[in-house]
Amino acid sequence: MAKKTNYSYIGIAFIILVFGIIFIPKIIDRLTNTDVTRNESRSKSISTQQIDTPKKNQSDLVYIPDGTGGNRKVPAFSFTDQNGKTITNKDYLGKVYLVEFFFTTCPTICPRMSNNLVQIQNHFEDYSNNFGVASFTIMPEVDTPEVLKAYAGKYGITNPNWHLMTGDEETIYKLANEGFYLYTAKGEDAAGFEHSGNFALIDKEGYIRSRLKSPDNPLIYYNGIVSEEEGTDDEGIPQEISILKEDIAKLLKE
């Protein structure tokens, strides 16, 4: 009986030895050189590809880095427009739009900016469902919804997605200076208030976009003061309304 058991142990040991000689090197080879490594690299490449693949109809307009590894996006906001309606950044999703900061009693650049925006509005009249403007007043204590509505009538603002917004003063200034980096400053009277004369161009997903001035230098914002008719201002600064129209058209196609 003991002899038979010894033969059984010998047989099992022999099978294990053969298995080790034949199969263990193959398993080690697969682990180090083939399937496992390939599967991991496949997963990584698919993930990278999904991030890097441009969307269909992607234009050549660039995103603006936000300094944290991402792209600069419109901050969340909620204000009241000229019709007394609450408007948030979510109301603009799916639309291409321009952002400006202004006030209705501005004696200098605001009328010129408003005229240029109306000209752009009329140029994209057939795209009024997909194009809009976000105008934020920096004098909310004066620019009530009623005042903003009268201003809209005066300048011929007809686009349903052009909202002239008013609200908490501190929130508006923070949105301008920290959200968009479009300079604004409060003065003692209308002549003392200051704000940027630039427009920000926003895509359908809420990202700030612009064209490149050179391979590594984005324009970021578009001059909103000089008109196409003027061509250049007194200091020789060229108008950018024409290229802004071109870039709006590109984003509308995305």
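This note sets out the main points of a predicted model, from the whole protein to helix α4 and the strands on either side of it in the chain.

1. Overall composition. The protein contains six helices and 13 strands. Of its 254 residues, 39% are buried. The exposed area comes to about 14,600 Å², and carbon and sulfur atoms supply 55% of that area.

2. Contacts along the chain. Where contacts join residues at least 6 apart in sequence, 70% of them link residues at least 24 apart. One pair of residues distant in the chain, Asn83 and Lys149, is taken up under point 6.

3. The buried face of α4. Helix α4 spans residues 145-155, and its buried residues are Pro145, Leu148, Tyr151, Ala152 and Tyr155. Viewed down the axis of α4, these buried residues lie within an arc of 120 degrees, so they line one face of the helix. The cover over them includes the strands β2 (78-80), β4 (96-102) and β6 (162-165), together with helix α3 (109-123).

4. The opposite face and the end of α4. On the face turned away from the buried side, α4 carries the exposed residues Glu146, Gly153 and Lys154. Just after the helix comes Gly156, whose phi is positive, at about 80 degrees.

5. The strands joined through α4. Strand β5 (residues 131-137) pairs with β6 in the parallel sense, over four bridges. The chain passes from β5 through α4 to β6, and this β-α-β crossover is right-handed. Phe136 has Met165 of β6 as its bridge partner. In a regular strand, side chains alternate between the two faces of the sheet. Strand β6 is covered on both faces: Trp162 and Leu164 are buried on one side, while His163 and Met165 are buried on the other.

6. A link between a loop and Lys149. Which residue of the loop between β2 and β3 (86-88) deserves attention here? The residue is Asn83, found in that loop. Asn83 and Lys149 are 66 residues apart along the chain, yet their C-alpha atoms are separated by 6.8 Å. The side chains of Asn83 and Lys149 are joined by a polar contact of 2.7 Å.

7. Summary of the region. Helix α4 has one face lined by buried residues and another that carries exposed ones. Strand β6 appears twice in this account: as part of the cover over the buried residues of α4, and as the parallel partner of β5.

Methods: Residues numbered from 1 in each chain as written. Heavy atoms only, no water. Helix = DSSP H or I, 4+ residues; strand = E, 2+ residues; numbered from the N terminus. Buried < 20%, exposed > 50% of the residue type's maximum accessible area, 1.4 Å probe, protein only. Contact = heavy atoms within 4.5 Å. Areas by Shrake-Rupley, 256 points an atom, 1.4 Å probe, with all protein chains shown as cover. Arc of directions from axis to C-beta. Polar contact = N/O pair within 3.5 Å; in protein donor to acceptor, adjacent residues only side chain to side chain. Pairing = 2+ DSSP bridges. Right-handed = clockwise from strand over helix to strand, strands pointing away.
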